[in-house]
Amino acid sequence: MANTGYNPFENAQAQFDGVAETIGLDSSMREFLRQPMKEFHFTIPVKMDDGTTKTFKGFRIRHNDARGSGKGGIRFHPEETADTVRALSMWMTWKCAVADIPLGGGKGGIICDPRIMSAGEQERLCRGYVRALSENIGPFCDVPAPDVMSNNRHMLWMLDEYETIVGNRFPGMITGKPVGMGGSLGRTEATGYGVIYTLKDLLRCMNIPASETTASFQGFGNVAEYAARMYTELGGKVTAVSCWDNIEKTSYTFRKVFGCDISELAGIKDKFGSIDKDKALALGYEVLPGDAWLKQDVDILIPAALENQITPAVFGDISSKVKIICEAANGPTTPDCDPLIKGRGIIMLPDFLCNAGGVTCSYFEQVQCNMNYFWDKDEVLEKLERKMTEAFRAVYDLAQEKGVYMRDAAYMIAIKRVAEAVRLRGWVT
Ligand code: NAD
């Protein structure tokens, strides 16, 4: 993925090692938890529309399932790597544990670019992915979901292929399905809203009214759009949003210092979260370089696109006004930047707490599918907010009690919960 010279799996391991040392985790448990339990690497031959066959590379990696079935999205990206999937599967383990849902960590990926594939080619790719994995995914084994550039249509094709293979209906095999076809109301909004539920709780603890804050986002995909919507509903002002331009193959930042209109921007973005530059200019947005989102004089930075975006090399660009970094994306900050952020006294809402709303709602989707009874949207969102607030409180209180950075507190809680499940199962004694 984003080629910044950082290896996300090494980052995930470095974060784990640091906390394992602090909490005195024994060496056999450390060895077990610092790597995935299972990995599947496979090829997917796909008949392309021009009559040729193209071979894609797929991955599914299960980091740990001591607390419940593996859970995690499938990323479609031309620069996908096994190490990115390993890191994401490990972060999923901690995320499910910190959100206290009975699931483990998994992740999938396909090296592909759906932006240049027809719907038919994408369908055949999705079905091929499931054929390669059908014995190693399922409602009680490992449950996929959408991630970057994969969507509810892809999930339904995958479910259909799985049910065709096993000869029965198992809607809990995958989450992120369309509403009416086993999807949960509120899933589209869940990750972004979850980010803002935790931010709202943090601002309350800091005695700062959301309506007196400003924020700058990296990304304007699913997570960023709904986070920005809820943040502006609370009265916050989004002054800048950056995203990738699929035509020019570069990123841009769109800025309105008096506040972006999120519905307006959503109306001029494509399904991959790219904002139309000409339309934005016509609507009065300044169009700045892609990294300008990080340099804004705002209270809150919300990286909501890719990993490895906040590094020591760019840390100096962050305004002294920034009080909070709210990690909506997975792994946007590199471990070597954490000490600089701590040093400046910026409060960090760590990714696997902050963006746990998606997996929490996916868990609700699975529960609803298994019951074959679906809740209304208010019920889903009310349960989601309660879960996010409980998770935030546990992390915030521990961080205050021990005087530690919130990422470390979140890791302490998650690692202890997973290690306890591993011990209770007798895997590592
Ligand atoms: P998405 O594909 O919907 O959107 C990604 C956004 O990032 C797009 O707006 C794209 O233009 C932008 N982007 C890509 N490269 C960029 C660059 N170099 N500079 C600036 N912007 C760039 O993805 P999403 O679902 O919103 O996921 C975003 C992040 O949140 C990822 O890290 C993902 O793993 C994480 N996440 C997603 C969910 C979920 O439910 N979707 C849940 C938890 C975590």
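**Close-up views of a helix pair and a ligand site**

**View 1. Helix α6 packs against helix α13 in this predicted model.** Helix α6 covers residues 187–205, and helix α13 covers residues 357–371. The two pack at an angle of about 145 degrees. Their axes lie 7 Å apart. The crossing of α6 and α13 is right-handed.

**View 2. Residues at the contact of α6 with α13.** From α6 come Arg187, Ala190, Thr191 and Gly194. They meet Gly357, Gly358, Cys361, Ser362 and Glu365 of α13. By class, the residues of this contact are two nonpolar, five polar and two charged.

**View 3. The shell around the ligand.** Around the ligand there are 26 residues. Arg75, Thr191, Phe220, Gly273 and Asn330 come nearest. Thr191 also belongs to the α6 side of the contact with α13. Sorted by class, the shell has 12 nonpolar, 10 polar and four charged residues.

**View 4. Elements that supply the shell.** Helix α6, helix α7 (222–233) and strand β7 (237–245) each give at least two residues to the shell around the ligand. The largest share, three residues, comes from β7.

**View 5. Polar contacts to ligand oxygen atoms.** Arg187 uses its side chain: an N or O atom there is 3.1 Å from an oxygen atom of the ligand. Arg187 is also one of the α6 residues that meet α13. Phe220 uses its backbone, with an N or O atom 2.8 Å from an oxygen atom of the ligand. A backbone N or O atom of Val223 lies 2.9 Å from an oxygen atom of the ligand. Taken alone, the ligand exposes 830 Å², and the protein buries 89% of that.

Conventions
Residues numbered from 1 in each chain as written. Predicted model: local features only at pLDDT ≥ 70, side-chain atom pairs only at ≥ 80, totals over all residues. Heavy atoms only, no water. Axes fitted to C-alpha atoms, helices over the stretch in contact; angles between N-to-C directions. Helix = DSSP H or I, 4+ residues; strand = E, 2+ residues; numbered from the N terminus. Left-handed = near helix turned anticlockwise from the far one by under 90°. Contact = heavy atoms within 4.5 Å. Nonpolar A, V, L, I, M, F, W, Y, C, P; charged D, E, K, R; others polar. Near = heavy atom within 4 Å. Polar contact = N/O pair within 3.5 Å; in protein donor to acceptor, adjacent residues only side chain to side chain. Areas by Shrake-Rupley, 256 points an atom, 1.4 Å probe, with all protein chains shown as cover.
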